[in-house]
Structures are given as C-alpha cells and as structure tokens.
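Let's take a look at how two protein chains meet. Have the sequence and the 3D view open as you read.

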Amino acid sequence: MALFGLFFGKKKTSAAAAKERLQILISHERQNRQGPDFLPDLQRDILDVVKKYVAIRDDHVSVRLDRAGDASVLELNVTLPEK
Amino acid sequence: MATVVTVTSGKGGVGKTTSSAAIAAGLAQAGHRTVVIDFDVGLRNLDLIMGVERRVVFDFVSVISGEATLNQALIQDKRLENLSILAASQTKDKDALTEAGVGQILDELAELGFEYIVCDSPAGIERGATMALHFADHAVIVTNPEVSSVRDSDRILGILQSKSKRAKEGGKVHEHLLITRYDPVRVENGEMLSKEDVCDILAVKLIGVIPESKAVLRASNTGVPVILDKDSDAGLAYSDSVARFLGEDRPMQFVIPRKQGLLSRILGGGD
Ligand SMILES: Nc1ncnc2c1ncn2[C@@H]1O[C@H](COP(=O)(O)OP(=O)(O)OP(=O)(O)O)[C@@H](O)[C@H]1O
Ligand SMILES: [Mg+2]
C-alpha cells in the first residue's frame, strides 16, 4: 500500500470518505433531534399521505422547524418527481 | 457530594467495560474513594474484568429490591483500598432498574463517602443504558475510529443533552471523548479515521486515545484492570486519560506510528 501510494500519488483515502459521510449524516441527524419529539412521526405520516397519490422516495419529504423571532415556522418540503 | 462518571458508547464492544475498570482503578490510585457499578443487567462482565467474579454474592438489583444492603453487595478490591465494585445481576430483569431505586443507591454511595461513582453502561439505548446516562455528571464517550461507533456516539450525545437529569434541570453533563482501539499506522495510511477527524465530527473534548493493544486481552485474561499494567501502552494511555480527567495536562502518547526501518515500511510491515 505504502509503495503503491508512492508511485501513484495520493488518492482519496477511505478514511476521508468515512469522515465526509459521517459529517453529512450526523449534521442531518442533529437537525432532526433539535426539533420537538413529534417531528420524525410527522414526517413519516406526511410521507405516507403523499405516497397515496404520488410515488416518491423517503428522502423527498423534509420537515423542519425554524425559529424566527418569537414564532416557530414549520417548513415542509416535498419534492415531486418529474413527469 | 459524589461525582457520577458514566462510561457509555451506544455501540457494543467498543471498550466500555475495559475503560470503566481502568478509569475506576486510576481514580482510586490517585487517592479518591471510588466505586464502579455494572449497569449491564443480565450480561454482567465487569466482575470478570476486575477479577472479582468469585466474590459476587449480592448485586446491584438485589440492593434495589431490598434483598441485601449496600454494604453486603459492595466488593472491596484486594489491590486498591480505595476501590469497590458493585456487580450487575445475572438473572433478574433489567426493568428492575427503576429511576427511584438507582437514584437512592447513588445517594447512599455518596453518604458512604465515595467521591467517584463510575457507571459501566451496557450497549444500546435501553433501560440500563438510559439509567446510567440519566444520572451522569460526567460522561466518558468511548468511541472506536469507525463509522458506526462514531454515529452511535453522536446519538448518545443527543440523549445526554436532552434527557439526562442535568439537562432536564437546565444544566449540562460534562462530556469527554475517549477514542479506543486506535491504530496509528492505519491512520497514517488513510485506512482509519484520525483522532482529529473524530473530534471534528463529534465536537467533544478529547480526554484520551487508547491504542489497539495486546495488553488489553492479557489484562482481561487475568482479571487485572489494564491500567495496573504499567509496562503496557494501553495501561499508560489510560493513566494519562485519568490524569487529564483530574485536570492535569499531559501530551498524547502512542498516537503516531513507531519508527520503522525503510524495508518494513515498503513491505507494509507492523504488528
Ligand atoms: N484498546 C484495546 N485493544 C485491544 N482490544 C481491546 C481494546 N479495548 C477493548 N478491547 C477488546 O474489545 C472487546 C470488547 O471490550 P469491552 O468488553 O470493554 O467492550 P464493551 O464496550 O464493554 O462491550 P459491551 O458493549 O458488550 O458491554 C474485548 O475483547 C476487549 O478485550
Ligand atoms: Mg461492557
């Protein structure tokens, strides 16, 4: 491995891939748990309802709670597939 | 007031029990009266790692249920006078660990004069684990430099920050990251997350790095906490970690590869 690296220059290592994947996953999971406990359930229910009408993937629905001043805004994003 | 130090990880098999035994022995060696409790009800192992398996008569659950007194269940370590062990039950149900029951035992241990109560958490996020997290003043997050362990550690941090007693009372649990089974050669080759990578991702203060070491199995074979093996890399790394926990500033050891000859480098040697 060491010799291979010497001749062919640095490729992206598997550790770098691990770090990148973890950073994306964990920032997503942290966002989810910052909201109230019901957000994941709400997201699943909305997904089920939309799925009755359109075929979408699980990650096509996102539910977020943002605080703006003294109010909270529930932001719901549903990405519909192209026809 | 006793300080509750919970050793936790989410993922199984990363080194919680090894670390609990080492940390408790290290605190006792430093002169603090310490008790280490096995929260892994149904799968006790701390007694074996501490070498007291033949002296367990009563356990944590038998004290909670009132079958035995705390003094009957506490096992005094034969090597360190400041150290006691409270074993987990092998037979009873983990639902026996009630919040009131556990809380009362922790209070009684404090009254008995213990300064540190080290809790060896089971894997997962069920009763035993959540109880140990709930009462934590300090949490030692044991993490292997590997994707699933890091992810699970982050979940545990989430629980500490929202569901622990301290968090619910508006405070904070002191978090410490302990990276175990670290292999500096593989890190250098880009095959393993580095300690900096893990710290970046979890954003918790690093208290120590324990190398992957043959001394750990040797220690568990003989029932001696590895920190008492002063000639071993893992033992020294645990000693440094405990010293840092107690406020000392010590450089990290065993985090860069040992110097090797050019030939063995090219051949990719190492042990
Ligand atoms: N630094 C290390 N080097 C080599 N082996 C290690 C190291 N730390 C732990 N181990 C080994 O890993 C295994 C699991 O360790 P341990 O029982 O401490 O983990 P655990 O997190 O308590 O597991 P569980 O989740 O099942 O309670 C043991 O066989 C132990 O010897
Ligand atoms: Mg264990």
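## Who takes part?

How many residues does the contact take from chain A and from chain B? Chain A puts in 15 residues, and chain B puts in 17 residues.

Keep in mind that this is a predicted model. Its scores are ipTM 0.87 and pTM 0.86. Chain B has an average pLDDT of 94, with 96% of the residues scoring at least 70.

## How much area gets buried?

People often describe the size of an interface by the accessible area lost when the parts come together. Here, about 1500 Å² is buried between chain A and chain B, and carbon and sulfur atoms give 58% of that. On the chain A side, look for A:Lys19, A:Leu22 and A:Arg33: this trio supplies 33% of the area that chain A buries against chain B, more than any other three residues.

## Charges and polar pairs

Now for the charged partners. Between chain A and chain B there are 4 salt bridges. One of the salt bridges joins A:Arg30 to B:Asp154, and their closest N and O atoms sit 2.6 Å apart. Across the interface, you'll also find 7 residue pairs in polar contact, with both residues at pLDDT 80 or more.

## What chain A brings

Which helix of chain A gives the most to the side that touches chain B? That's α2(A), with 11 residues. Both α1 (2–8) and α2 (14–34) of chain A supply at least two residues each to that side.

Sorted by class, the side of chain A touching chain B has 8 nonpolar, 3 polar and 4 charged residues.

Notes: Residues numbered from 1 in each chain as written. Chains lettered and ligands numbered in written order. Predicted model: local features only at pLDDT ≥ 70, side-chain atom pairs only at ≥ 80, totals over all residues. Heavy atoms only, no water. Contact = heavy atoms within 4.5 Å. Buried area = accessible area lost by both parts, 1.4 Å probe. Salt bridge = Lys/Arg side-chain N within 4 Å of Asp/Glu carboxyl O. Polar contact = N/O pair within 3.5 Å; in protein donor to acceptor, adjacent residues only side chain to side chain. Helix = DSSP H or I, 4+ residues; strand = E, 2+ residues; numbered from the N terminus. Nonpolar A, V, L, I, M, F, W, Y, C, P; charged D, E, K, R; others polar. pLDDT = per-residue confidence, 0-100.
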